[in-house]
Amino acid sequence: VSNFKEKAEFFNNCFAKQCTPLENDSKLPERIHRKYNLSISSVNIVNDDILKIIRSLNPSKAHGFDDISIRMIQLCDSAVLKPLAMIFNKCLLTGVFPNDWKKSNVVPIHKKGDKQDIKNYRPISLLPICGKIFERIIYDSLYSFMENNNLFCTNQSGFRSSDSCINQLISITHLC
């Protein structure tokens, strides 16, 4: 296929097939209810935190469908702090995440093998930078809340600071 529109439709159809839900009889395990009187009452939107996140972003990374690049955000970082903080606070107040921050450009990335075989590609979703900054603020707040209140399971190794799945595997190996 050499026509760009046909290529896009071809990839879209292939990737859409990969994302269809599986119909089976499996069930999620029962949730364990723990008795905690804790709740995260607020997420503090601090300009310094937004600035730190903006400055830590890799400017060579691709941007979302909105065409706002990381480099552009970094060039005017102090000028966008107040508007971003206002938007983030409005999101938290209303519980609404902007629809435009949910949209992405899906780009096929070649994994290995024959470039003519569509099975050798995987989809990458390029999301808007502002949404990613907001998600990082939420993540940092939730993570520190859970860490400060000892809400992580002692066996949780993945996605933990100073820990890893490798540590978990070593632990399991020594138990057996």
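Contact here means heavy atoms within 4.5 Å, and helices (H or I, at least four residues) are DSSP runs numbered from the N terminus. The model is a predicted one, in which local features need pLDDT of at least 70 and side-chain atom pairs count only at pLDDT 80 or more, while totals for chains, interfaces and linings use all residues. Residues are numbered from 1 along each chain as its sequence is written, and side-chain values use heavy atoms, with hydrogens and water left out.

**Exercise 1. Determine which residues of helix 2 are buried, where they sit around the axis, and what covers them.**

Step 1. Take buried as under 20% relative accessible area, exposed as over 50%, and partly exposed as in between (1.4 Å probe, protein chains only). With these cut-offs, the buried residues of helix 2, which spans residues 47-56, are Ile50, Leu51, Ile53 and Ile54.

Step 2. These residues cover an arc of only 165 degrees around the axis (the arc of the directions from the helix axis to the C-beta atoms), which puts them on the same side of helix 2. The general background is that an α-helix has 3.6 residues a turn, so residues three or four places apart point the same way.

Step 3. On the face turned away from the buried side, helix 2 carries the exposed residues Asp48, Lys52, Arg55 and Ser56.

Step 4. The cover over the buried residues of helix 2 includes helix 3 (70-75), helix 4 (77-94) and helix 5 (129-148).

**Exercise 2. Describe how helix 2 crosses helix 4, and say which residues make the contact.**

Step 1. Axes are lines fitted to C-alpha atoms, for helices over the stretch in contact, and angles run from 0 to 180 degrees between N-to-C directions. The axes of helix 2 and helix 4 come within 9 Å and cross at roughly 120 degrees.

Step 2. That angle makes helix 2 oblique to helix 4, given that angles under 35 degrees count as roughly parallel, over 145 as roughly antiparallel, 65 to 115 as roughly perpendicular and the rest as oblique.

Step 3. The crossing of helix 2 and helix 4 is right-handed; a crossing is right-handed if the near helix is turned clockwise from the far one by less than a right angle, and left-handed if anticlockwise.

Step 4. From helix 2 the contact draws on Asn47, Ile50, Leu51, Ile54 and Arg55, and from helix 4 on Asp77, Val80, Leu81, Leu84, Ala85 and Phe88. These residues divide into eight nonpolar, one polar and two charged, where Ala, Val, Leu, Ile, Met, Phe, Trp, Tyr, Cys and Pro count as nonpolar, Asp, Glu, Lys and Arg as charged, and the others, Gly among them, as polar.

**Exercise 3. Work out how helix 5 packs on helix 2 and on helix 4, and what kinds of residue meet in each contact.**

Step 1. Helix 2 and helix 5 pack at an angle of about 120 degrees, with their axes 10 Å apart, which makes helix 2 oblique to helix 5. Helix 2 passes helix 5 in a right-handed crossing.

Step 2. In this contact Ile50, Ile53 and Ile54 of helix 2 meet Ile133, Arg136, Ile137 and Asp140 of helix 5, a set that divides into five nonpolar, no polar and two charged residues.

Step 3. The axes of helix 4 and helix 5 come within 11 Å and cross at roughly 60 degrees, which makes helix 4 oblique to helix 5. This crossing, too, is right-handed.

Step 4. Leu84, Phe88, Cys91 and Leu92 in helix 4 meet Cys130, Ile133, Phe134, Ile137 and Ile138 in helix 5, and the residues of this contact divide into nine nonpolar, no polar and no charged.

**Exercise 4. Place Lys132 and Phe15, and relate each to a residue distant in sequence.**

Step 1. Lys132 lies in helix 5 and counts as partly exposed, because its relative accessibility is 41%. Lys132 and Ile54 are 78 residues apart in sequence and 9.9 Å apart in space, C-alpha to C-alpha.

Step 2. Phe15 is found in helix 1 (residues 4-18) and counts as buried, because its relative accessibility is 7%. The C-alpha atoms of Phe15 and Pro123 are separated by 6.8 Å, although these residues are 108 residues apart along the chain.

Step 3. Leaving aside residues up to four places away in sequence, Phe15 touches Val106, Pro108, Tyr121, Arg122 and Pro123.

Definitions and conventions
Helix = DSSP H or I, 4+ residues; strand = E, 2+ residues; numbered from the N terminus.
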